Amino acid sequence: MLIIHTVEALQKIINEKKSSGLTGFIPTMGALHSGHISLIKQSKSETDYTICSIFVNPTQFNDPNDLKKYPRPVAHDIEILEDANCDVLFLPEVDEIYPNGSSDKKKFDFGQLDKVMEGFFRPGHFDGMAQVVDRLLEILQPDKLFMGQKDFQQLTIVRAMLRLTGRNTELVTGATFREKDGLAKSSRNIRLTSEHRKEATLIYKTLKWAKKNASSLNFDDISLKAMKKLTRTDFKPEYFDIVDGITLQKLNSIQDSDYIVACVACWVGEVRLIDNIIIKDETE
Ligand code: AMP
């Protein structure tokens with residue numbers, strides 16, 4: 001696997017490879033786990049050249065403490081990527097991504113998509129996320145971009161951004177990888193205490209409970225009950241919203257849309273976790 005630190009070197013190699021096949025790109029913030037690796041594997045199977053980036057983007061952290069504590073086990077990440085036969089790891093410094101400084105953000109109009117849920121509780125987060133994904137796409141111009149369902153709202157916003165910018169990159173979605181007990185794999189999980197790690201399974205249990213009851217209960221009731229279930233010692237849910245999978249607007253009942261997703265964010269001790277479950281998808 002090639003490890004590349006500069007935009008210039010990366011573009012040189014990509015330009016060579018582009019003539020001989022498709023390129024696939026997986027942007028990450030590192031602390032890699034099997035969810036990330038599943039996206040690498042998906043890219044390996046659908047494209048000819050797979051590039052993974054590790055960049056802990058400072059502009060998408062609304063909480064400086066979260067940025068400071070974000071895990072950075074780079075040597076281990078490199079080993080995992082080598083094992084997965086990733087072709088290139090792009091590992092840039094901040095100056096390489098933002099040569100003119102990071103404050104000069106391209107502004108996108110995502111309508112209501114970035115105002116709700118994560119957008120409400122993490123002001124500025126999606127501006128920073130869109131800024132870095134757009135910059136990385138500008139550098140790499142990949143044929144396919146692989147992103148996880150785990151970050152459902154992020155996925156929706158990136159899809160909207162691709163439409164707005166008219167980039168010739170196809171967005172491919174990967175399923176959420178989970179621990180055996182159901183907890184969604186996340187780079188943040190290693191920051192949980194062992195007690196909290198065990199209890200964190202309550203998040204996915206609550207999502208499954210919501211799905212089971214989606215046909216019989218009003219969604220407001222489900223959300224209220226879910227928030228109650230998640231409110232316990234050291235747990236602090238921020239939202240439990242049942243939304244339309246395209247507009248991300250809250251719905252009232254199972255009849256309201258063909259595509260319905262329940263999304264949750266919950267603090268477990270000092271770690272903020274997000275997850276989601278598809279309640280209904282009759283779009284195919
Ligand atoms: P991150 O490093 O957390 O920014 O995530 C990088 C990419 O991996 C994003 O597209 C995430 O949605 C995806 N990802 C994170 N966790 C999982 C998971 N448990 N299963 C599948 N994909 C994931």
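In the predicted model, 17 residues surround the ligand, and those that come nearest are Met 29, Gly 148, Asp 151, Phe 177 and Lys 185. Polar backbone atoms of three of these residues approach the ligand. For Met 29, a polar backbone atom is 2.9 Å from a ligand oxygen. A ligand oxygen also lies 2.9 Å from a backbone N or O atom of Gly 148. At Lys 185, the backbone N or O atom lies 2.9 Å from a nitrogen atom of the ligand. The ligand taken alone exposes 480 Å², of which the protein buries 93%.

Two or more residues of the shell around the ligand come from each of β2 (23-28), α2 (34-46) and β5 (144-148). The element that gives the most is α2, with 3 residues. By residue class, the shell around the ligand divides into 7 nonpolar, 7 polar and 3 charged residues.

Strand β7, which spans residues 235-244, is mostly covered, with 9 of its 10 residues buried. This strand pairs with β8 (residues 259-268) in the antiparallel sense, over 9 bridges. Within these strands, Phe 235 stands opposite Val 268 of β8.

Helix α10 comprises residues 202-213 and includes Asn 213. Asn 213 has a relative accessible area of 18% and is therefore classed as buried, the cut-off being under 20%. The side chain of Asn 213 reaches the backbone oxygen of Trp 209 at a distance of 2.8 Å.

How values were computed
Residues numbered from 1 in each chain as written. Predicted model: local features only at pLDDT ≥ 70, side-chain atom pairs only at ≥ 80, totals over all residues. Heavy atoms only, no water. Helix = DSSP H or I, 4+ residues; strand = E, 2+ residues; numbered from the N terminus. Buried < 20%, exposed > 50% of the residue type's maximum accessible area, 1.4 Å probe, protein only. Polar contact = N/O pair within 3.5 Å; in protein donor to acceptor, adjacent residues only side chain to side chain. Pairing = 2+ DSSP bridges. Near = heavy atom within 4 Å. Areas by Shrake-Rupley, 256 points an atom, 1.4 Å probe, with all protein chains shown as cover. Nonpolar A, V, L, I, M, F, W, Y, C, P; charged D, E, K, R; others polar.
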